[in-house]
Amino acid sequence: MPAPEIPEEQADTGKKKRGSSRNLPIAVAVGVGLGAVVLLSLYTVKEIFLAVVVIFLGIAVWEFIRAFDSRGIRIPWVPVMAGGLATVLCTYFWGTTALVAGFGLTSLVVLLWRLPRGQDGYVRDATAGVFATAYIWFLAGFVVLLLAASDGADRVLIFIAVTVASDIGGFFAGSFLGSHKMAPSISPKKTWEGVSGSALTCMIVGGFLLPWLLHGHWWQGVIVGAAAVCSATLGDLIESMIKRDLGIKDMGNLLPEHGGVMDRLDSLLATVPVVWLLFQVFVPPT
């Protein structure tokens, strides 16, 4: 489910552009390539897109498990992987009931799976396993709920587009105008100017795409965009806090100039339940 995400915006003043540590042409090329995979699979056969989602989620969970392992936190990976995969697949066929039941059952199995290893670190490891299940598999289940609708491809496209718009708008506004840091202790590169650019871009994209693809009102699209920029920004901050606590820069290194797959999913995972809920209110599936 990754999208062609632009790196975090530059936090310094307009006199100092983005640092040279990241090769922007390579980052853009990788992002465009990921976007092409998403679009081609989404508008051919929906089950192919579902397979793409499952593959990237599996990689993201594995990155998550390894990152926690670097701090001595042993996530019970078998039930997290197997239960999460089963939950996502069942959600495509049986909807919200399968999503809720799958999450609950997977969490229970995670708690039971850790029992044989004894009491030392039980709360730490079991809690991390339930957290990984909720943060990645459960939130990603809302993408599957969007996809399962008869017009699911268009719903998923709008969700991805407003999230990517947040990254692009924030990148340009932050690069050229950014001077007031938003949360320096969590994400030093994020500025209020960048967030403002994200908001403007998200609302424009939402106001355009929702009437065009789902026949809603333009103001509903603007609300979707405004909500998306809030959730996407919070998603970035949440993952930044997780990485700071674990003492790592990126969750992985699979994607050149982007880090790991999980580093590209943070804003998407935080945004999808918000967009799904607003779609249920504004343009419910028929």
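In the predicted model, F142 is buried, with a relative accessible area of 10%. Its partner F138 is instead partly exposed, at 23% relative accessibility; the 20% limit for burial therefore falls between the two values. Both residues belong to helix α5 (residues 122–148), and because they are four residues apart there, about one helical turn separates F138 from F142. By the ring-centre criterion, the count of aromatic pairs comes to 13. The rings of F138 and F142 form one such pair, with a centre-to-centre distance of 5.6 Å and an angle of 85° between the planes. This geometry is classed as edge-to-face, because the interplanar angle is over 60 degrees.

Ring pairs also join F64, F68, F131 and Y135 into a cluster. Within this group, F64 has contacts beyond its neighbours within four places in sequence, namely with I75, F131, A132, Y135, I136, M251 and M262. F64 is, together with F279, a residue with the most contacts inside the largest nonpolar core, a set of 68 residues.

F64 also takes part in the packing of two helices. Helix α2 (residues 46–69) packs against helix α9 (residues 261–282) at an angle of about 110°, and the two axes lie 9 Å apart. The helices α2 and α9 are therefore roughly perpendicular to each other, because angles of 65 to 115 degrees fall in that class. On the α2 side, the contact involves F56, L57, I59, A60, E63 and F64, which meet V261, M262 and L265 of α9. The contact between F64 and M262 thus connects this helix pair with the aromatic cluster that contains F64.

Two polar residues were also examined. S166 is located in helix α6 (residues 152–177) and is buried, with a relative accessible area of 5%. Residues up to four places away in sequence being excluded, S166 touches S198, C202, V229 and A232. Q220 lies in helix α8 (residues 218–246) and is likewise buried, at a relative accessible area of 7%. With the same exclusion of sequence neighbours, Q220 touches L210 and F282.

At the level of the whole chain, nine helices and two strands are present. Their order along the sequence is α-α-α-α-α-α-β-β-α-α-α. Of the 286 residues in the protein chain, 53% are buried. Among contacts between residues at least 6 apart in sequence, 73% join residues at least 24 apart.

The unreviewed UniProt entry lists residues 24–42, 48–65, 100–116, 128–150, 156–179 and 191–212 under "transmembrane region". Two of these annotated spans were described further in the model. Residues 100–116 are 82% helix and 0% strand, with the end C-alpha atoms 27 Å apart. For residues 128–150, the helix content is 91% and the strand content 0%, and the end C-alpha atoms are separated by 36 Å.

Key
Residues are numbered from 1 along each chain as its sequence is written. This is a predicted model: local features need pLDDT of at least 70, side-chain atom pairs count only at pLDDT 80 or more; totals for chains, interfaces and linings use all residues. Side-chain values use heavy atoms; hydrogens and water are left out. UniProt positions are given in the numbering used here, feature names are shortened, and annotations may be inferred rather than shown by experiment. A nonpolar core is a set of buried Ala, Val, Leu, Ile, Met, Phe, Trp, Tyr and Cys residues joined through side-chain atoms within 4.5 Å. Buried means under 20% relative accessible area, exposed over 50%, partly exposed in between (1.4 Å probe, protein chains only). Contact means heavy atoms within 4.5 Å. Rings of Phe, Tyr and Trp (its six-membered ring) pair if their centres lie within 6.5 Å; planes under 30 degrees apart count as stacked, over 60 as edge-to-face and the rest as tilted. Axes are lines fitted to C-alpha atoms, for helices over the stretch in contact, and angles run from 0 to 180 degrees between N-to-C directions. Angles under 35 degrees count as roughly parallel, over 145 as roughly antiparallel, 65 to 115 as roughly perpendicular and the rest as oblique.
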